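Trainee: Could you take me through one part of this model up close? I'd like to see how the nonpolar core is put together, and how the rest of the chain sits around it.

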Amino acid sequence: MKNILLHICCAPDACIPVPDLIAEGWNVYGFFYGSNIHPHDEYIRRLEAVKVVAEHNAITCELPDYRPGEWLEGVKGLESEPEGGLRCAECFRIQLEAAACEAVRLGCEYACTTLTISPHKNVSLINAIGEEICARHGLKWLARVWRKNNGFLRSVRMSKEMGLYRQNYCGCVFSLRKDA
Ligand code: SF4
């Protein structure tokens, strides 16, 4: 069985990729970055929901410390970018870089992300960033587009069935702005 590190952006987006990968025969390790989330209360709500998904699917999920200052430093200069712009590309890089480091530490050969289940995200960009980071770390990137085949609708249905917390903004302090 091959080991894969699945970068989890949030619980609702993970509730389809996790069981689908398990059904395909992967040994799945979850990884929730979380330091992009603002404010702290919101981070805790999303963290608890991720734990529910991990427990429901009997996987382990790595939960690094909450370090919003490091994330803010990483996107410095890009604060005024609109959602979907350069700040988000850097945010994906920061998260997937952390995920790749964790994959190496855990001895996984592959990495993947739940980010591509969202209808709002640039999946080509996300998979290109994942490929580049994995190549640098000696990993293989599993380029999935989870929103295909009604993936997003399935995730909405499943997260409601599971009673998961569903956020109404992407996550960072800048995505709380009305014009973001
Ligand atoms: S809007 Fe979402 S993807 Fe973009 S920088 Fe903020 S948290 Fe990251």
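Mentor: Sure, let's get the fold order down before zooming in. Reading from the N terminus, the elements go β-α-α-β-α-β-α-α-β-α-β-α, which makes seven helices and five strands. The radius of gyration is 15 Å, close to the 16 Å that the globule rule gives for 180 residues, so the protein is as compact as a globular protein of that length. Keep in mind that this is a predicted model. The C-alpha trace spans about 45 × 40 × 30 Å along its principal axes, and 42% of the 180 residues count as buried. As for contacts with a separation of 6 or more, 73% come from residues 24 or more positions apart.

Now the core. In soluble globular proteins, nonpolar side chains tend to be buried together. Here, the largest nonpolar core has 48 residues, and I4, L5, L6, F31, V50, A99 and A111 have the most contacts inside it. Who contributes? At least two residues each come from β1 (3-8), α1, α2 (17-23), β2 (27-32), α3 (40-56), α5 (86-106), β4 (110-113) and α6 (123-137). The top contributor is α5, which puts in eight residues.

F31 is a good place to park your view. Skip its neighbours within four places in sequence, and F31 is in contact with L5, L6, H7, I8, C61, E62, A99 and E102. Three of those partners, L5, L6 and A99, are themselves on the list of residues with the most contacts inside the core.

Next, swing over to helix α7, residues 151-161. Its buried residues are G151, S155 and S159. Look down the axis of α7 and these buried residues fall within an arc of 65°, so they line one face of the helix. That face packs against α1 (11-14), and α1 is one of the elements supplying the core. Over on the other side of α7, L153, K160 and E161 are exposed. After the helix comes G163, with a positive phi near 70°.

Last stop, the ligand. Around it you'll find N36, E83, R87, C88, C91, C170, G171, C172, F174 and S175. Sorted by class, this shell has five nonpolar, three polar and two charged residues. R87, C88 and C91 are in the shell, and they fall within the stretch of α5 (86-106), the helix that gives the most to the core.

Note on methods
Residues numbered from 1 in each chain as written. Predicted model: local features only at pLDDT ≥ 70, side-chain atom pairs only at ≥ 80, totals over all residues. Buried ≥ 20, exposed ≤ 12 C-beta atoms within 10 Å, placed from the backbone. Helix = DSSP H or I, 4+ residues; strand = E, 2+ residues; numbered from the N terminus. Arc of directions from axis to C-beta. Contact = placed C-beta atoms within 7 Å. Near = placed C-beta within 6 Å. Nonpolar A, V, L, I, M, F, W, Y, C, P; charged D, E, K, R; others polar. Rg over C-alpha atoms; globule rule 2.2 N^0.38 Å. Core = buried A, V, L, I, M, F, W, Y, C linked by C-beta atoms within 7 Å.
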